[in-house]
Amino acid sequence: MNKDQVIQALAPVAPPAAIRNAAVREGTVSLRLDAPTDRGDYDRFAMAAARAVANAAARAEQRIDSITVELADADARVVHGVTFPPARPPEPGHRPIQGLRNQSAQLQTNSLPGVRHAIAVGAGKGGVGKSTIAVNLAVGLARRGHAAGLMDGDIYGPSIPTMLGLEPLEPVVLRGMLQPFYVHGVKAMTIGKLVDPEKPLIWRGPMAHGAFKQLVEQTEWGNLDHLVIDLPPGTGDVPLTLAQLVRLTGAVIVCTPQRVAQDDAVRAARMFQQLGVEILGVVENMSYFVGDDGKEYDLFGRGGAEKMAARLAVPFLGAVPITMALRENSDAGNPTANFEDPERRASEHVRRAADALAGALENLVSNLQSQLSLAAVRQGATRPTLKIT
Ligand SMILES: Nc1ncnc2c1ncn2[C@@H]1O[C@H](COP(=O)(O)OP(=O)(O)OP(=O)(O)O)[C@@H](O)[C@H]1O
Ligand SMILES: [Mg+2]
């Protein structure tokens, strides 16, 4: 379909003057329409617009993979957005699997249609290692050959520029879109590279929403298997905005073993559940300490976060030890080193700590991948297939 056909198809729903933008690219139709006056009509109106286009496409025997409808107010601000995958006729012999949610019947907001799995990394408590875990999950996934991205959703205190070593790089804008940095095999974007790193960032609610939305929508992520999103501490505006903008496969909760950290993590888990976001699992960071003597020290009460996961009945993704190397590599912007053997001249102890760290991170990535597959099946994005050979 071309743009004119789309505009023509929309005629019964929206007159040309109400169409602010209509674009067709590789089977994806993007529409921006004037929002109806009554907020309660948004969904119905967006659905009607998507249906009109889908029906016209079907009549013209044109294939469309998805239709995104955005509704804009009089100031051209997008106030509502939905992505609508038009229901395809079932293939012959196909029988719906009981218990799976039918995605095509459901309207969902999704500003990142090219991203297969969007994964939020959050926790209630500050400083427990959310950013560290987010960085290492993204790098770990990329090292396994996946197209991985990392978005620094901590618009208040971005740490990703340091952790990925972005300091010498300059942001690039092409065709009005921010180009993600490509480092350690990962596409990354952070507000930390767009503002003065020395100045504190003070955002009020709506500003935080706007800044975050821009970072999501105005970055050219392209097609990604995984986009890991590092969240600020707390249960504030950003997770809310995120859950509204992006269809998340789920959230990873980072927690240290102590009771006080667990309490905050439970609040974060409840927040995600209230937002309708699945918990992919809990990571116990700073689980134990591997010293230079190679011994393991149980500083914070190893196993505390694992028990909390069991209490919440959510998966446990694994434990990551405190190691000096992890802190050093994070400060040096070199997460790749966490996955690699230390230099040959390193002592036996350093080697043992590095092995413990690399093993823990690989285990985490494996478990996350399993949980993502399960979540995708539960959410109806993938159907299990049985191959008989
Ligand atoms: N397992 C670990 N071993 C050693 N150092 C760690 C570990 N996890 C995190 N750190 C260090 O602890 C500090 C805090 O970690 P990080 O910035 O990832 O936490 P955060 O939860 O993202 O913090 P904030 O709430 O401020 O966003 C960093 O200096 C990081 O390098
Ligand atoms: Mg952080």
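Helix 10 covers residues 348–378, and its 31 residues, at 1.5 Å a residue, should span 45 Å; the end C-alpha atoms of helix 10 are 45 Å apart, so the expected and computed spans agree. The model in which this helix appears is predicted. After helix 10 comes Gly380, a residue with a positive phi near 80 degrees.

Helix 10 also takes part in a packing contact with an earlier segment of the chain, helix 3, which comprises residues 130–143. The axes of the two helices are 9 Å apart, and the packing angle is about 75 degrees. Because angles of 65 to 115 degrees count as roughly perpendicular, helix 3 is therefore described as roughly perpendicular to helix 10. On the side of helix 3 the contact involves Ile133, Asn136, Leu137, Gly140 and Leu141, and these residues meet Leu361, Leu364, Val365, Leu368 and Gln369 of helix 10. Sorted by class, this contact contains seven nonpolar and three polar residues, with no charged residues.

A second helix pair is formed by helix 5 (residues 205–217) and helix 6 (residues 237–245), whose axes come within 9 Å and cross at roughly 45 degrees. This angle makes helix 5 oblique to helix 6. The crossing of helix 5 past helix 6 is right-handed. Helix 5 contributes Gly205, Ala208, His209, Phe212, Lys213, Val216 and Glu217 to the contact, while helix 6 contributes Asp237, Val238, Thr241, Leu242, Gln244 and Leu245. Six of the residues in the contact of helix 5 with helix 6 are nonpolar, four are polar and three are charged.

The third pair consists of helix 7, residues 259–274, and helix 8, residues 304–312; their axes come within 11 Å and cross at roughly 35 degrees. Helix 7 likewise passes helix 8 in a right-handed crossing. Here Gln262, Ala265, Val266, Ala269 and Arg270 of helix 7 meet Gly304, Ala305, Met308, Arg311 and Leu312 of helix 8. The contact of helix 7 with helix 8 comprises six nonpolar, two polar and two charged residues.

These helix pairs belong to a protein chain that has 10 helices and 15 strands. Along its principal axes, the C-alpha trace of the chain spans about 75 × 55 × 40 Å. For a compact globule of 389 residues, a radius of gyration near 21 Å would be expected; the protein chain has 23 Å, which agrees with that expectation.

Key. Residues are numbered from 1 along each chain as its sequence is written. Chains are lettered from A and ligands numbered from 1 in the order in which they are written. This is a predicted model: local features need pLDDT of at least 70, side-chain atom pairs count only at pLDDT 80 or more; totals for chains, interfaces and linings use all residues. Side-chain values use heavy atoms; hydrogens and water are left out. Helices (H or I, at least four residues) and strands (E, at least two) are DSSP runs, numbered from the N terminus. The expected span of a helix is 1.5 Å times one less than its number of residues. Axes are lines fitted to C-alpha atoms, for helices over the stretch in contact, and angles run from 0 to 180 degrees between N-to-C directions. Angles under 35 degrees count as roughly parallel, over 145 as roughly antiparallel, 65 to 115 as roughly perpendicular and the rest as oblique. A crossing is left-handed if the near helix is turned anticlockwise from the far one by less than a right angle, and right-handed if clockwise. Contact means heavy atoms within 4.5 Å. Ala, Val, Leu, Ile, Met, Phe, Trp, Tyr, Cys and Pro count as nonpolar, Asp, Glu, Lys and Arg as charged, and the others, Gly among them, as polar. The radius of gyration is taken over C-alpha atoms; the globule rule is 2.2 Å times the number of residues to the power 0.38.
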